[in-house]
Number of protein chains: 2
Amino acid sequence: MTANHFDRVDGVHVCDITDPDDVRLDNFRDLNSIDRRPDLPSGKGLVIAEGVLVVQRMLASPFTPLAFLGTDRRLTELAADLAGNPAPYYRASAEVMAAAVGFHLNRGVLAAARRIPERSIEQVAEHARTIAVLEGVNDHENLGSIFRNAAGLDVDAVVFGSGCADPLYRRAVRVSMGHALLVPYARAADWPADLNTLRQMGFRLLAMTPAPGATTLPAAMTATHGERVAILVGAEGPGLSHAALKASDQRVRIPMSRGTDSLNVATAAALAFYERARA
Amino acid sequence: MTANHFDRVDGVHVCDITDPDDVRLDNFRDLNSIDRRPDLPSGKGLVIAEGVLVVQRMLASPFTPLAFLGTDRRLTELAADLAGNPAPYYRASAEVMAAAVGFHLNRGVLAAARRIPERSIEQVAEHARTIAVLEGVNDHENLGSIFRNAAGLDVDAVVFGSGCADPLYRRAVRVSMGHALLVPYARAADWPADLNTLRQMGFRLLAMTPAPGATTLPAAMTATHGERVAILVGAEGPGLSHAALKASDQRVRIPMSRGTDSLNVATAAALAFYERARA
């Protein structure tokens, strides 16, 4: 097999790659590099899906893969999903992949897509009943978990206030199980003033806080049962900023037994989403 | 300052260490080594607390520190907690610590304690109203998160079935925010037969599962409101084994919107704990 071998396997455009320096792998190169990784928003700005399930979710999302890179085994697993897809599947050994990507990839398959134009708050909120609004969530794993929880617990969209990490970074997408590609999100251009957009659209702005004087979660969600609701969550540690708390309609707390550090931000968000869906 | 400098600072027994090979650091050496780390149960079997908060939690726990290793800055932060403590505080630079520990330690302070004899299921269940029972939770971060969630959401004890990771490994303790040292736990010697011990003590055994025919979480927790409850949670992916499901009293599901993969095991556990505390 040469580096230019090209074949159609079960309707998939398969190219065998044996040289890790092959330029066709550039969209997958140095994925752990802080300043060269292809999914840097300021660089190539790609989105990388990792693993069979996340690649499948990308195929179901508005992101259109430019190419796939994976082992023969993953090609077999994805064959039905990829049939008829015009993007090439670069088939390589685990060793060639590791040399190009920069580390051994347990999940055995990647897809690279271009980013799509981001939506506005009005667009993602238009048909939403429940929205999560995040401020200062700068950890990719927490951000990914919040998307996963949003998808599982009936949250229709996510809005980013200031200080949040990139939801389309590979690790966030992976931890989200691909839901970062599926749950619509928008960024506030003017924070927290843009919360008024949600309020004007009829959303009640519920700010999650450990403050003892806040309304309890069950009471708050029961009271807003028939309304549109935006759930505001701040970073672990500092929580929501004073400005964001002030711009919200109500402060809401999770009843907790042993101190306020005892829930991670994604877990606290999950409880709020759950209680909202329950009510 | 020599390697043997010894001083009492605000009632703390402080020893300055400048040589990373100093044998007094052996309890903190090579923390990332798969086969030499001092918190390997089959090796030295220590418990390592990492960071100011977790060290404080260890001081409040049944684990008695043998020694501390940290920077001067962390000594200042912990001075009030350490006053009168007989264990030495090995004060070192970040560089000396990194050389001994094997990596740069952001949190700047460690404590090492001996493990304590493990308790029996009867002991941890005796005064408990709610227990979490885990099967196959072999990921240290998930395990740590479950302890953190248990502490925050009124779960009194944890019981391990088969296939669980070591709750006293440094990373599990860190992710638990130290609650792995505080929430009592026990191991089943005979799994799942030991579930009968809990049943005989009056616990209703509720098995979390994504199976569509299961009772919903709110209904299950409302129905068992006045009873003692054990919440069984299985590993992400496979879930509880057939044997564990069969040995339980009731199957319980979290109502979810977009597929059963959409919650992490620690998050699913948190929702069950929350609903239990809520009811």
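Where in chain A is the place of A:Leu53? Select A:Leu53 to find out: its place is in helix α1 of chain A. Keep in mind throughout that this is a predicted model.

**Stop 1: helix α1 of chain A**

With A:Leu53 selected, colour by accessibility. A:Leu53 has a relative accessible area of 32% and is partly exposed. Now extend the selection to the whole helix, residues 52-59. Its buried residues are A:Val52, A:Val54, A:Val55, A:Arg57 and A:Met58. A:Leu53 is not in that set because its 32% lies above the 20% under which a residue counts as buried.

Next, show what surrounds the helix. The buried residues of α1 pack against two helices of chain A, α2 (72-82) and α6 (170-175). They also pack against the strands β3 (46-50), β4 (65-70) and β6 (109-114). Before leaving, draw a distance from A:Leu53 to A:Pro86. The two C-alpha atoms are 20 Å apart, and 33 residues separate the pair in sequence.

**Stop 2: chain A as a whole**

Zoom out and show chain A as a cartoon. Ten helices and 13 strands make up its secondary structure. The C-alpha trace spans about 70 × 35 × 30 Å along its principal axes. Chain A has 279 residues, and 56% of them count as buried.

Contacts come next. Taking those between residues at least 6 apart in sequence, 74% join residues at least 24 apart. Switch to a surface: chain A has an accessible surface of about 11200 Å², and carbon and sulfur atoms account for 50% of that. Then pick out the charged side chains. There are 29 positive and 31 negative charges, and their mean positions lie 5 Å apart.

**Stop 3: the contact between the chains**

Bring chain B into view beside chain A. How many residues does the contact take from each chain? It takes 31 from chain A and 31 from chain B. The size of an interface is often given as the accessible area lost when the parts come together. Here chain A and chain B bury about 2600 Å² between them, with 45% of that area on carbon and sulfur atoms.

Four salt bridges are found across this interface. Select A:Glu275 and B:Arg278, which form a salt bridge with their closest N and O atoms 2.7 Å apart. The pair crosses between chains, from helix α10 (residues 265-278) of chain A to helix α10 (residues 265-278) of chain B. A:Glu275 is buried, at 0% relative accessible area, whereas B:Arg278 is partly exposed at 29%. Then select B:Glu275 and A:Arg278: their side chains also meet in a salt bridge, at 2.7 Å from N to O.

**Stop 4: salt bridges within chain B**

Over all chains the structure holds 34 salt bridges. For one inside chain B, select B:Glu50 and B:Arg174, whose closest N and O atoms are 3.6 Å apart. This salt bridge links distant parts of the chain, with B:Glu50 in strand β3 (residues 46-50) and B:Arg174 in helix α6 (residues 170-175), 124 residues apart. B:Glu50 counts as buried, at 4% relative accessibility.

Move on to B:Arg115 and B:Asp166, which meet in a salt bridge at 2.8 Å, N to O. Both partners sit in loops: B:Arg115 between β6 (109-114) and α4 (121-125), B:Asp166 between β8 (157-160) and α6, 51 residues apart. Is B:Asp166 buried or exposed? At 13% relative accessibility it counts as buried, while B:Arg115, at 22%, counts as partly exposed.

Turn back to chain A for a network. Salt bridges with shared partners join A:Glu50, A:Arg107, A:Arg170 and A:Arg174.

**Stop 5: backbone details**

Show the backbone as sticks and select A:Trp191 with A:Pro192. The peptide bond between them is cis, with omega near 0 degrees. A:Pro192 is in the loop between β9 (185-187) and α7 (195-200) of chain A. In chain B, a cis peptide bond joins B:Trp191 and B:Pro192, with omega about 0 degrees. B:Pro192 lies in the loop between β9 (185-187) and α7 (195-200) of chain B.

Two residues with positive phi close the tour. A:Met177, in the loop between α6 and β9 of chain A, has phi near 60 degrees. B:Asp30, with phi near 55 degrees, is found in the loop between β2 (12-16) and β3 of chain B. B:Asp30 counts as partly exposed, at 23% relative accessibility.

Technical notes:
Residues are numbered from 1 along each chain as its sequence is written. Chains are lettered from A and ligands numbered from 1 in the order in which they are written. This is a predicted model: local features need pLDDT of at least 70, side-chain atom pairs count only at pLDDT 80 or more; totals for chains, interfaces and linings use all residues. Side-chain values use heavy atoms; hydrogens and water are left out. Helices (H or I, at least four residues) and strands (E, at least two) are DSSP runs, numbered from the N terminus. Buried means under 20% relative accessible area, exposed over 50%, partly exposed in between (1.4 Å probe, protein chains only). Contact means heavy atoms within 4.5 Å. Accessible areas come from the Shrake-Rupley method with a 1.4 Å probe; for residues, only the protein chains shown count as cover. Lys and Arg count as positive and Asp and Glu as negative; His and the chain ends are not counted. The place of a charge is taken as NZ of Lys, CZ of Arg, CG of Asp or CD of Glu. Buried area is the accessible area (1.4 Å probe) that two parts lose on being put together, summed over both.
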